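This report describes the fold, the helices, the cysteines and the charged side chains of the structure shown below.

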Amino acid sequence: MFSKHEDWVKTRDAEKILCISERSLLRLRKNKTLLAGSCWRRTIPNNLNSHIIYNIPECLEILNGISRATEMEEDLLAKDEKQEVIEE
């Protein structure tokens, strides 16, 4: 599946759209939260110094998924804490 050309934006534009700093985008790439090929790629694939572009819809999907998972985890922890207090 190929995405539209407009979905891919330069790092500076991705920072503004996603409200994430360039350093945070780098960290998300390094820890493989944002996957190479689907979320980001280099403009010249074999050149490590080439510019990086981001697929905004894919990045948003992953970042929203992480946010939802974190909220669910916090809710479950809060329920467990309430249950422990009730049992004591």
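A disulfide is defined here as a pair of cysteine sulfur atoms within 2.5 Å. The model is predicted: local features need pLDDT of at least 70, side-chain atom pairs count only at pLDDT 80 or more, and totals for chains, interfaces and linings use all residues. Residues are numbered from 1 along each chain as its sequence is written, and side-chain values use heavy atoms, with hydrogens and water left out.

**Cysteines**

Zero disulfides are found in a search of the whole structure. For C59, the closest cysteine sulfur is that of C39, at 4.5 Å, which is too far for a bond. Both partners of this pair lie inside the protein by the accessibility criterion (buried, under 20% relative accessible area; exposed, over 50%; partly exposed, in between; 1.4 Å probe, protein chains only). C39 is buried at a relative accessible area of 0%, and C59 is likewise buried at 0%.

**Overall fold**

The protein has three helices and three strands, where helices (H or I, at least four residues) and strands (E, at least two) are DSSP runs numbered from the N terminus. Along the sequence, their order is β-α-α-β-β-α. Of the 88 residues in the protein, 27% are buried. Contacts, meaning heavy atoms within 4.5 Å, were also sorted by sequence separation: among those between residues at least 6 apart in sequence, 49% join residues at least 24 apart. The protein exposes about 7200 Å², of which carbon and sulfur atoms supply 54%; accessible areas come from the Shrake-Rupley method with a 1.4 Å probe, and for residues only the protein chains shown count as cover.

**Helices α1 and α2**

Helix α1 spans residues 11–18, and its buried residues are T11, A14, E15 and L18. These residues cover an arc of only 105 degrees around the axis and therefore lie on the same side of α1; the arc is that of the directions from the helix axis to the C-beta atoms. The face of α1 turned away from this buried side carries the exposed residues R12 and K16.

In helix α2, residues 22–30, the buried residues are S24, L25, L28 and R29. Their arc around the axis is only 140 degrees, so they share the same side of α2. On the other side of α2, R23 and K30 are exposed.

**Positive phi after the helices**

Most residues other than glycine have a negative phi. Just after α1, C19 takes a positive phi, and K32 does so just after α2. The table gives the values and places of these residues.

| Residue | Phi | Relative accessibility | Place |
|---|---|---|---|
| C19 | about 55 degrees | 69%, exposed | loop between α1 and α2 |
| K32 | near 65 degrees | 62%, exposed | loop between α2 and β2 (40–42) |

**Charges and rings**

Which rings have a charge over them? A charge sits over a ring if NZ of Lys or CZ of Arg is within 6 Å of the ring centre and within 35 degrees of the ring normal. The charged end of R29 sits over the ring of W40, at 5.2 Å from its centre; R29 is also one of the buried residues of α2. R41 lies over the face of W8, 4.9 Å from the ring centre.

Zero aromatic pairs are found in the whole structure. Rings of Phe, Tyr and Trp (its six-membered ring) would pair if their centres lay within 6.5 Å, with planes under 30 degrees apart counted as stacked, over 60 as edge-to-face and the rest as tilted.
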